[in-house]
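Visitor: I would like to go through this model with some questions about the ligand and its surroundings. Please show me the structure before we begin.

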Amino acid sequence: MTRVEVVIIGGGIVGLMTAWFLASEGVDVVLLEAGDLGAEASGANAGSLHLQIQYPEFVKYGEDWAKAYAPTLRFLEASIGMWQDLGQQVGEDLDVKLGGGIVVARQAAQMRLIEAKARIEASVGIETRILDRKELLDIAPYLSDQAIGGGLCAGEGKANPLRVTPAIIRAAEAAGAILHRETSVTGLAGQAGAFTVTTARGSYQADNVVNTAGARAAEIASMLGMQIDLGGFPLQVSVTEPIAPLIPHLIYSAAGKLSLKQVANGSCIIGGGWAANVREHGGLATNPVNFTGNMAMAAGVVPQLTHARAVRSWTAWVNGTPDWRPIIGEAPGIPGFFLGLFPWVGFSAGPLTARVIADLVLGHPPAMDMKGISVLVD
Ligand SMILES: Cc1cc2nc3c(=O)[nH]c(=O)nc-3n(C[C@H](O)[C@H](O)[C@H](O)COP(=O)(O)OP(=O)(O)OC[C@H]3O[C@@H](n4cnc5c(N)ncnc54)[C@H](O)[C@@H]3O)c2cc1C
């Protein structure tokens with residue numbers, strides 16, 4: 001049995017960055033990844049850096065939910081702050097751009113909801129500028145002339161997931177972290193100072209264990225008898241051929257689920273939470289009805305996309321919690337077992353989630369007080 005200070009389970013953005021931060025502080029850390037590093041949600045997401053409360057969830061769950069969730073926006077804001085320095089730290093351009101995110105409305109009732117949402121965002125210091133039709137079309141003339149206004153959150157933007165995870169893998173390995181691919185954790189037992197982590201390739205004894213297993217994190221927690229309300233949800237995203245520079249913003253629609261951005265090579269990434277199909281034996285496949293719906297939604301907001309060919313779509317499991325609240329911290333009653341799980345928008349939140357977990361493992365005060373943010377620290 002190999003003895004290490006920290007075992008991290010799951011090599012997505014959170015696990016990899018936690019490994020990097022810990023190894024940089026001289027901690028003896030091994031990361032175990034069931035498949036390939038960064039190959040699940042962290043490498044397959046749409047690359048949006050989300051900050052504002054997501055409009056469809058605001059409509060679905062209402063103001064009370066939004067007020068309870070709002071402190072989490074401060075976490076996202078600080079994490080996006082870390083994104084701005086990340087490229088420099090890893091020595092690579094990660095295509096991080098904060099061009100602002102706009103929810104586009106077509107009806108007066110939608111504008112009222114955007115305004116109500118903006119008031120809740122303002123209550124935690126996140127500014128969303130309300131735009132009338134003229135202001136909106138002045139800054140985003142590529143939008144459909146059916147738009148009547150919108151809400152602009154300047155702190156939002158994008159990064160390139162295909163560049164991010166390889167860069168973090170290199171940084172973590174250069175700092176001394178040991179990263180094992182194709183090493184699925186099948187058992188976890190014990191307690192602080194003496195956890196036993198079992199894989200088909202051998203076992204580890206660790207002082208501390210970090211659960212960053214994304215959509216499958218509940219399985220890992222249950223090995224220690226801990227129940228968490230987190231599941232995996234199948235999503236799909238599509239990309240168009242490159243088109244001339246057109247869309248500097250992250251675009252959402254108040255008419256339905258949409259996230260739309262144009263990336264460095266000119267392609268437009270189109271997503272927003274549309275479900276993929278689950279195949280009989282567990283893999284995922286593009287849902288053609290949702291593909292069509294998602295593309296139609298995008299072209300309805302940005303008419304020029306009617307002439308852009310879609311060239312690819314892809315699928316992945318996202319980690320989701322019912323109330324959108326993250327599960328970040330040391331497990332109550334299981335000292336030495338840490339969870340780094342930010343649902344739904346965990347790419348945006350990845351850097352700070354990893355920083356907080358690394359701080360806690362090191363016994364330092366966390367980079368952000370998690371009270372009222374993580375369900376573990378209510
Ligand atoms: C299609 C899609 C689009 C998205 N778009 C966005 C977006 O635009 N912006 C945004 O902020 N967020 C987005 N998300 C969400 C975001 O990608 C995730 O929340 C985030 O990447 C989660 O990172 P993670 O490190 O926690 O988990 P993951 O990246 O899922 O990594 C978890 C890892 O754990 C491994 N694992 C699981 N079980 C075991 C085990 N037993 N043993 C060893 N390893 C194990 C998995 O193989 C996986 O590699 C999107 C997600 C999807 C699927």
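Guide: What follows is a set of questions and answers on a predicted model.

Visitor: How many residues surround the ligand?

Guide: A residue is counted here if one of its heavy atoms lies within 4 Å of the ligand. The closest are Glu33, Ser42, Ser48, Asn319 and Ser348. The full number of surrounding residues is 38.

Visitor: How far is an oxygen atom of the ligand from an N or O atom in the side chain of serine 348?

Guide: A polar contact is a pair of N or O atoms within 3.5 Å, so that is the cut-off to apply. A backbone N or O atom of alanine 41 meets it, at 3.2 Å from an oxygen atom of the ligand. A polar backbone atom of serine 48 meets it too, at 2.9 Å from a nitrogen atom of the ligand. For the side chain of serine 348, the distance to a ligand oxygen atom is 2.6 Å.

Visitor: What share of the ligand's accessible area does the protein cover?

Guide: On its own, the ligand has 1000 Å² of accessible area. The share of this covered by the protein is 97%.

Visitor: Which element gives the most to the shell around the ligand?

Guide: The elements that give two or more residues are helices H1 (13–24), H2 (41–44) and H10 (346–362), with strands S12 (231–240) and S18 (310–320). The greatest contribution is 4 residues, and it comes from S18.

Visitor: How many residues of the shell are charged?

Guide: The shell divides into three classes. Nonpolar residues number 20 and polar residues 15. The charged residues number 3.

Visitor: Where does the ligand lie with respect to the domains?

Guide: The domain assignment gives domain 1 (2–44 + 162–229 + 323–377) and domain 2 (99–155 + 232–320). Both give residues to the shell, so the ligand lies between domain 1 and domain 2.

Visitor: Which three residues supply 60% of the area that domain 1 buries against domain 2?

Guide: The area buried between the two domains is about 810 Å², with 62% of it from carbon and sulfur atoms. On the domain 1 side, one set of three residues supplies more than any other three. They are Ala44, Ala215 and Trp344.

Key:
Residues numbered from 1 in each chain as written. Predicted model: local features only at pLDDT ≥ 70, side-chain atom pairs only at ≥ 80, totals over all residues. Heavy atoms only, no water. Polar contact = N/O pair within 3.5 Å; in protein donor to acceptor, adjacent residues only side chain to side chain. Areas by Shrake-Rupley, 256 points an atom, 1.4 Å probe, with all protein chains shown as cover. Nonpolar A, V, L, I, M, F, W, Y, C, P; charged D, E, K, R; others polar. Domains from an automatic or database assignment. Buried area = accessible area lost by both parts, 1.4 Å probe.
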